[in-house]
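Trainee: Could you walk me through how the helices fit together in this one? I'd like to go piece by piece.

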Amino acid sequence: QITPITDRLNYCSSPINNLGWHMTVEKLLKIEIPKRVQYLRVIIMELARISDHIICNSVIGVDTGAMTGFLYIFQQRESIYDIFEELCGARLTTNIGRIGGLERDFSPKAWALIDKFLAEFPAKLKEFENLLMRKRIFMDRTIKCGPISAEMALEYGFTGPNLRAAGVDYDVRVMNPYCSYEEFEFTVPVGTQGDTYDRFMVREEEMWQSLSIIKQ
């Protein structure tokens, strides 16, 4: 039941690294996970995905000279960390879950925090998009910036939104489902140019899809 310090592999979405380790060991030992645990893990992982994308997309704004969106949207990241803290006692570098399940069930406070986040996040995400998505300066500084072709992305071993932004329609949650992801309805956004703007847009849409998955 001792988990290696997987949360430091990517501190932006630590719980996904935690649960990735647990699921690997469970697969090795052929452990069948209760359906409730699978659903709770999906909620945790999609919250972590949103947190990660908040960091990536808000920092893209900062790197192009737009600080406001970063300051506005980061409060939502803190709201997700409040949930993680309630679930495991830690915020940034988490220790969520155990091999075979979870350390503990979600508390009433955790559910209340999740409900609060689901109610507040859509308006905040829309506000963030209004600040950046169609702004001429932002578009000028990200469109055709750092384009990666689908072929190059595959050769370099790209994964996740960076791979999909390059035009490769591949998501492990769809192609090789785990934690009952096949039972959820969601769209996999795919880019065409593989540039900074496409990577931004793919992550942006993925946050909306994660929100939908959590609600389901």
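**Helix packing and a few loop residues**

Mentor: H2 and H9 are roughly antiparallel to each other, and since this is a predicted model, please read everything that follows as computed from that model.

Trainee: At what angle do the axes of H2 and H9 cross, and within what distance do they come?

Mentor: The axes of helix H2, residues 35-63, and H9 cross at roughly 150 degrees and come within 9 Å; angles over 145 degrees count as roughly antiparallel, and this pair is therefore placed in that class. In passing H9, H2 makes a left-handed crossing.

Trainee: Which residues make that contact?

Mentor: On the H2 side they include Val42, Ile43, Glu46, Leu47, Arg49 and Ile50, and further along His53, Ile54, Cys56, Asn57 and Ile60. From H9 the contributors include Thr196, Arg199, Phe200, Arg203, Glu204 and Met207, with Ser210, Leu211 and Ile214 also among them. Sorted by class, the residues of the contact of H2 with H9 are 12 nonpolar, 4 polar and 6 charged.

Trainee: And how does H4 pack on H9?

Mentor: Helix H4, residues 108-132, packs on helix H9, residues 196-215, at an angle of about 160 degrees, and their axes are 11 Å apart. H4 and H9 are therefore roughly antiparallel to each other, and H4 passes H9 in a left-handed crossing. H4 brings residues including Ile114, Phe117, Leu118, Phe121, Pro122 and Leu125 to this contact, while H9 brings Phe200, Glu204, Met207, Trp208, Leu211, Ile214 and Lys215.

Trainee: How many of those are nonpolar, polar and charged?

Mentor: The contact of H4 with H9 divides into 13 nonpolar and 4 charged residues, with no polar ones.

Trainee: Is H9 itself largely enclosed or largely open, then?

Mentor: Of the 20 residues of H9, 15 are buried, so the helix is largely enclosed by the rest of the structure. Its length also agrees with expectation, because 20 residues at 1.5 Å a residue should span 28 Å and the end C-alpha atoms of H9 are 29 Å apart.

Trainee: Where does Lys215 sit, and is it buried or exposed?

Mentor: Lys215 is in helix H9, and with a relative accessibility of 53% it counts as exposed. Its C-alpha is 12 Å from that of Trp111, and the two residues are 104 apart in sequence.

Trainee: What about H2 against H4?

Mentor: Those two pack at an angle of about 30 degrees with their axes 13 Å apart, and H2 and H4 are therefore roughly parallel to each other. Here too the crossing is left-handed, as H2 passes H4. Residues of H2 including Arg36, Leu40, Ile43, Leu47 and Ile50 meet Trp111, Ile114, Phe117, Phe121, Phe128 and Leu132 in H4. By class this contact of H2 with H4 has 11 nonpolar, 3 polar and 1 charged residues.

Trainee: Changing topic: where is Cys179, and what does it touch?

Mentor: Cys179 is in the loop between helix H8, residues 172-175, and H9, and it is buried, with a relative accessible area of 8%. Leaving aside residues up to four places away in sequence, Cys179 touches Met23, Gln38, Arg41, Val42, Met45 and Phe184. Although Cys179 and Gln38 are 141 residues apart along the chain, their C-alpha atoms are separated by 4.6 Å.

Trainee: Which residues here have a positive phi?

Mentor: Ser180 is one of them, with a phi of about 65 degrees, and Lys144 is another, with a phi near 70 degrees. Most residues other than glycine have a negative phi.

Trainee: Are those two buried or exposed?

Mentor: Ser180, in the loop between H8 and H9, counts as buried at 3% relative accessibility, whereas Lys144, in the loop between helix H5 and helix H6, counts as exposed at 73%.

Trainee: Last one: what does H1 pack against?

Mentor: The buried residues of H1 pack against H2 and helix H3, residues 68-88, and they include Leu19, His22, Met23 and Val25. Helix H1, residues 14-29, reaches 23 Å from its first C-alpha to its last, which is close to the 22 Å expected. After H1 comes Lys30, with a positive phi near 55 degrees.

Key: Residues numbered from 1 in each chain as written. Predicted model: local features only at pLDDT ≥ 70, side-chain atom pairs only at ≥ 80, totals over all residues. Heavy atoms only, no water. Axes fitted to C-alpha atoms, helices over the stretch in contact; angles between N-to-C directions. Helix = DSSP H or I, 4+ residues; strand = E, 2+ residues; numbered from the N terminus. Parallel < 35°, antiparallel > 145°, perpendicular 65-115°, else oblique. Left-handed = near helix turned anticlockwise from the far one by under 90°. Contact = heavy atoms within 4.5 Å. Nonpolar A, V, L, I, M, F, W, Y, C, P; charged D, E, K, R; others polar. Expected span 1.5 Å × (residues − 1). Buried < 20%, exposed > 50% of the residue type's maximum accessible area, 1.4 Å probe, protein only.
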